[in-house]
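Biologist: I have a structure to read and little practice. Can we go through it together, one feature at a time?

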Amino acid sequence: MERRVVITGIGLYSCIGVGQDNVLDSLRNGKSGIIYDTQREEFGYRSCLTGMVDDPDLKPFLSRRERIGMHQPAMYAFMSTKEALEQAKLDIDFLEKNETGIIYGNDSTAGAVIETIDKVRSRKDTTLIGSGDIFQNMNCTVNMNLSTIYKLKGINITLSAACASGSHSIGMGYLMIKQGLQDRIICGGAQEINKYSMASFDGLGAFSINQSEPAKASRPFDKNRDGLVPSGGAATLVVESLESALERGAPILGEIIGYGFSSNGEHISNPNFDGQFRSLNMALKQANISSDVIDYVNAHATSTPVGDSMEAQAIHAVLGGKVPVSSTKGMTGHECWMAGASEVAYSLLMMENSFIAPNINFENPDEDSVKINVVPEYTEKNIDCFLSNSFGFGGTNSSLIIKKFVK
Amino acid sequence: MSRDEIIATTKRFLSEEFEVDENEILADNNLHETLDLDSLDYVDLVVVIEENLGFKPTADDFKAIDTFDDFYDLAERKFAETA
């Protein structure tokens with residue numbers, strides 16, 4: 001028997017705010033988290049813009065042994081997970097005794113790997129690297145660290161799917177719980193922010209060079225967009241069976257009702273219409289709803305010329321031109337491996353507080369975005385059901401549909 | 001480096017790395033228990049000893065050490081060998 005799947009906790013460590021309250025304030029006010037990073041200038045970046053959040057001080061929360069295997073992805077993810085678990089009313093004692101899984105999105109550990117290799121280059125002796133680096137270096141770093149800290153006993157896998165990693169992590173968690181294989185899974189996405197992590201991406205010329213006005217650089221769907229702005233942090237969602245959530249008296253923030261996915265099977269970096277079209281349609285079919293049930297679309301739109309156009313076409317083809325659409329990446333930049341999870345969390349905050357966060361910097365539509373209803377300013381609106389898109393390099397697509405919980 | 005210098009240096013870097021109070025690093029206290037070492041911690045112990053005292057203890061060296069005094073003896077021997 002298929003089970004209903006709900007979200008009982010969210011946590012955010014984001015460039016637009018640490019913690020839900022700060023993020024909510026930024027979402028309401030269209031506040032940008034983008035800065036000009038002078039370290040990237042010295043390092044040879046074409047564009048030095050980035051979303052920025054400071055590394056957290058974990059000493060108050062974790063022992064030396066627990067911290068030593070953590071670099072940025074795990075550090076950020078610990079902070080967001082801590083918040084999500086608190087909201088979901090879950091603690092280590094409960095997690096140790098009640099099987100709980102973790103499927104976390106992450107697709108790089110560049111900063112950690114380079115720092116380790118620099119040590120070996122300098123000392124020419126691997127025994128002087130130290131014990132923590134291997135656990136920082138592996139792509140499953142978030143899973144390794146969080147599963148041991150929180151004594152998790154369920155499914156434990158990392159999901160690497162480029163910029164759709166966070167979204168697929170929620171989707172896969174949803175499927176496992178729906179099928180009765182797990183009662184609750186910690187899902188999410190983490191994205192490192194350091195000069196090593198985005199250098200090769202910058203080299204593709206995909207980033208905005210509107211560096212004189214960082215807050216205006218990321219302009220999803222706008223006619224004058226000139227590229228994305230990289231960003232990072234972490235977002236965590238506690239995904240749980242309805243029975244488990246009700247039994248525990250946990251808050252229910254939304255119900256996941258649809259997960260669509262697809263692969264383009266074409267170019268390694270260029271998006272395509274067909275893949276996105278199939279992902280959106282599959283999500284609707286899984287949710288068993290018609291397109292007019294969707295009250296809001298949180299678009300993937302990263303502010304690249306081709307990507308945004310393709311998504312506008314796909315949204316128009318599947319959902320029509322009336323449904324309100326915004327991309328929060330105007331504020332956050334592209335949170336990459338984190339984005340699919342954070343944007344579901346941002347949308348849950350909008351649903352809970354009945355507003356649509358602005359697609360900032362949307363001033364003039366192009367020939368594709370003019371066909372959809374991009375929301376440029378804070379708009380009060382009741383949202384009963386939303387769809388969140390995430391698309392990644394390699395042509396991986398994910399669409400999630402989440403609605404308000406009704407018994 | 002004199003024995004007093006070895007002791008002062010060791011207390012400083014061990015308390016920093018392993019987050020123990022310097023007052024717990026007493027000559028007759030057991031090194032392994034005081035620092036609460038697990039198998040991975042020995043890897044880090046080698047790194048900080050090499051960084052601060054300039055030699056790399058072996059696994060056999062650690063097996064022969066019980067107290068901090070034993071470690072100071074080892075450090076003195078290592079310095080004498082390289083003098």
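Modeller: Start with the idea of contact. Two residues are in contact if their C-beta atoms, placed from the backbone, lie within 7 Å. Keep in mind that this is a predicted model.

Biologist: Take A:V239, then. Which residues is A:V239 in contact with, leaving aside its neighbours within four places in sequence?

Modeller: The list is A:V5, A:I7, A:I170, A:G173, A:Y174, A:I177, A:R184, A:I185, A:C187 and A:I256.

Biologist: Which residues touch the most other members of the largest nonpolar core?

Modeller: A:V239 is one of them, and A:L237 is the other. That core has 104 residues.

Biologist: Where does this core lie with respect to domain 1 and domain 2 of chain A?

Modeller: Domain 1 (5-248) and domain 2 (260-403) of chain A both give residues to the core, so it lies between them. Another core lies apart from it, with 12 residues. Its members include B:I6, B:I25, B:V47 and B:F68.

Biologist: Now the domains. How many residues does each domain of chain A bring to the contact?

Modeller: Domain 1 of chain A brings 60 and domain 2 of chain A brings 55. Over C-alpha atoms, the centres of the two domains are 21 Å apart.

Biologist: Which element gives the most to the domain 1 side of that contact in chain A?

Modeller: Helix α9(A), with 7 residues. Other elements supply at least two residues each, among them β1 (5-14), α1 (20-29) and β8 (233-241) of chain A. By residue type, this side of domain 1 of chain A has 25 nonpolar, 27 polar and 8 charged residues.

Biologist: And between the chains? How many residues of chain A are in contact with chain B?

Modeller: There are 5 from chain A, in contact with 9 from chain B. The chain A side divides into 1 nonpolar, 3 polar and 1 charged.

Biologist: What confidence values come with the complex?

Modeller: The predictor gives an ipTM of 0.93 and a pTM of 0.97. Chain B averages a pLDDT of 96, and 100% of its residues score at least 70.

Biologist: One last residue. Is A:E86 buried or exposed?

Modeller: Count the other C-beta atoms within 10 Å; 12 or fewer means exposed. A:E86 has 12, so it is exposed. A:E86 sits in helix α4 (residues 72-87) of chain A.

Biologist: How many residues apart along the chain are A:E86 and A:G9?

Modeller: They are 77 residues apart along the chain, yet 7.5 Å separates their C-alpha atoms.

Methods
Residues numbered from 1 in each chain as written. Chains lettered and ligands numbered in written order. Predicted model: local features only at pLDDT ≥ 70, side-chain atom pairs only at ≥ 80, totals over all residues. pLDDT = per-residue confidence, 0-100. Nonpolar A, V, L, I, M, F, W, Y, C, P; charged D, E, K, R; others polar. Domains from an automatic or database assignment. Helix = DSSP H or I, 4+ residues; strand = E, 2+ residues; numbered from the N terminus. Core = buried A, V, L, I, M, F, W, Y, C linked by C-beta atoms within 7 Å. Buried ≥ 20, exposed ≤ 12 C-beta atoms within 10 Å, placed from the backbone.
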